[in-house]
Amino acid sequence: MRVSMDFMSYKQALQLCNDPRAGLAIISGEQLISLPPKYLDCIGQGVKEQLDEMKGFYSERLLGALIAYSNIKILGDKGILLDDSPYIHLKIQADFIVFQPRVGSRLRGCVNKTSKAHVGILVHNFFNASVAHDQDGHVEETVSKDEDCEFTVTELFLHRNHLSLRGKNIQRL
């Protein structure tokens with residue numbers, strides 16, 4: 001079951017795209033959407049709801065996790081039915097803002113947990129990152145819960161299309 005998250009608006013995400021520590025990219029591209037039959041009378045609403053369900057999940061086509069979208073256009077005037085599936089498959093074009101962190105990049109986040117072993121960080125209020133303490137139990141800089149910080153990405157993990165990060169060199173902002 002998908003947990004509903006309030007992601008930032010397209011306008012808010014667009015403003016962050018200029019900050020290299022946000023890890024966001026703008027991609028204009030195509031996406032295949034599978035609409036349940038209940039959306040036959042309201043295809044536009046169905047497309048938006050399906051895109052909302054994709055927010056936060058990693059997409060191979062977008063090479064990142066969808067954060068926001070705008071300028072949706074349905075390509076073609078017909079949907080496709082495949083085999084016995086009741087879903088209508090539509091190709092759309094849109095402007096997507098995608099979270100695309102890279103190993104070695106610096107990202108901003110907010111500390112959501114401190115422990116003896118690591119510091120937990122939320123990036124964009126959704127993506128988990130962990131900065132481990134060294135063997136002596138020290139972290140490069142002491143940070144507190146709810147404090148803004150930045151860190152260097154050392155590893156990316158993908159589990160069931162959920163992206164999480166590991167990092168180092170944490171610094172408070």
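Q: In this predicted model, what share of the contacts in the protein chain with a separation of 6 or more comes from residues 24 or more positions apart?
A: Let's start with who touches whom in this predicted model. We look at contacts in the protein chain with a separation of 6 or more, and ask how many join residues 24 or more positions apart. That share is 61%.

Q: How many helices and how many strands does the protein chain have?
A: Read the elements from the N terminus on and you get α-β-α-β-β-β-β-β-β-β-β. Counted up, the secondary structure comes to two helices and nine strands.

Q: What percentage of the residues of the protein chain count as buried?
A: A residue is called buried when its relative accessible area is under 20%. The chain has 173 residues to go through. Of these, the buried part is 39%.

Q: What are the rough dimensions of the box that the C-alpha atoms fill?
A: Picture a box around the C-alpha atoms, taken along the principal axes. As for the surface, the accessible area of the chain is about 10,400 Å², and 49% of that belongs to carbon and sulfur atoms. The box itself is roughly 60 × 30 × 25 Å.

Q: How far apart are the mean positions of the positive and negative charges?
A: The protein chain carries 20 positive and 21 negative charges. Take the mean position of each set, and the two points are separated by 1 Å.

Q: In what order do the four strands of the open sheet stand?
A: This sheet is open and its pairing is antiparallel. β1 and β2 (58-59) stand at the edges with a single partner strand each, so one side of each has no neighbour in the sheet. Helix α2 packs on the sheet and touches β1, β3 (64-80) and β4, with its direction at about 145° to that of β3. The strand order is β1-β4-β3-β2.

Q: Which residue in β4 stands opposite Leu35?
A: β1 and strand β4 (residues 88-99) run antiparallel and are joined by 12 bridges. Follow the pairing to Leu35, and the residue opposite in β4 is Ile88.

Q: Is Lys38 buried or exposed?
A: Lys38 lies in the loop between β1 (24-35) and α2 (43-54). Its C-alpha atom is 14 Å from that of Gly79, and the two residues are 41 residues apart along the chain. The cut-off for exposed is over 50% relative accessible area. Lys38 has 64% relative accessibility, so Lys38 counts as exposed.

Q: Which strands make up the closed barrel, and in what order?
A: Now for the other sheet. The barrel is closed, has five strands and shows mixed pairing. Neighbouring strands are turned against each other by 50° on average, direction ignored. The order is β5-β6-β7-β9-β8.

Q: Which residue in β8 is the bridge partner of Cys110?
A: Strand β5 (residues 106-114) and β8 pair in the antiparallel sense over five bridges. For Cys110, the partner in β8 is Asp148.

Q: Which residue in β7 stands opposite Leu122?
A: Strand β6 (residues 118-123) and β7 run antiparallel, and six bridges join them. Look across from Leu122 and you reach Asn128.

Q: How do β7 and β9 run, parallel or antiparallel?
A: Strand β7 (residues 127-132) is joined to strand β9 (residues 162-172) by three bridges. Val131 stands opposite Gly167 in β9. The direction of these two strands is parallel.

Q: Which residue in the hairpin of β8 and β9 takes a positive phi?
A: Strand β8 (residues 148-159) and β9 pair in the antiparallel sense over nine bridges, and Cys149 has Arg172 in β9 as its bridge partner. Two residues sit between the strands of the hairpin. The residue with a positive phi, near 50°, is Arg160.

Q: Is Asp146 buried or exposed?
A: Asp146 lies in the loop between β7 and β8. Phi is positive here, about 70°, although Asp146 is not a glycine. With a relative accessible area of 59%, Asp146 is exposed.

Q: What is the relative accessible area of Asn169?
A: Asn169 is found in strand β9. This residue other than glycine has a positive phi, near 55°. Asn169 counts as partly exposed, because its relative accessible area is 34%.

Terms used. Residues numbered from 1 in each chain as written. Predicted model: local features only at pLDDT ≥ 70, side-chain atom pairs only at ≥ 80, totals over all residues. Heavy atoms only, no water. Pairing = 2+ DSSP bridges. Buried < 20%, exposed > 50% of the residue type's maximum accessible area, 1.4 Å probe, protein only. Axes fitted to C-alpha atoms, helices over the stretch in contact; angles between N-to-C directions. Contact = heavy atoms within 4.5 Å. Areas by Shrake-Rupley, 256 points an atom, 1.4 Å probe, with all protein chains shown as cover. Lys, Arg positive; Asp, Glu negative; His and termini not counted. Charge placed at Lys NZ, Arg CZ, Asp CG, Glu CD.
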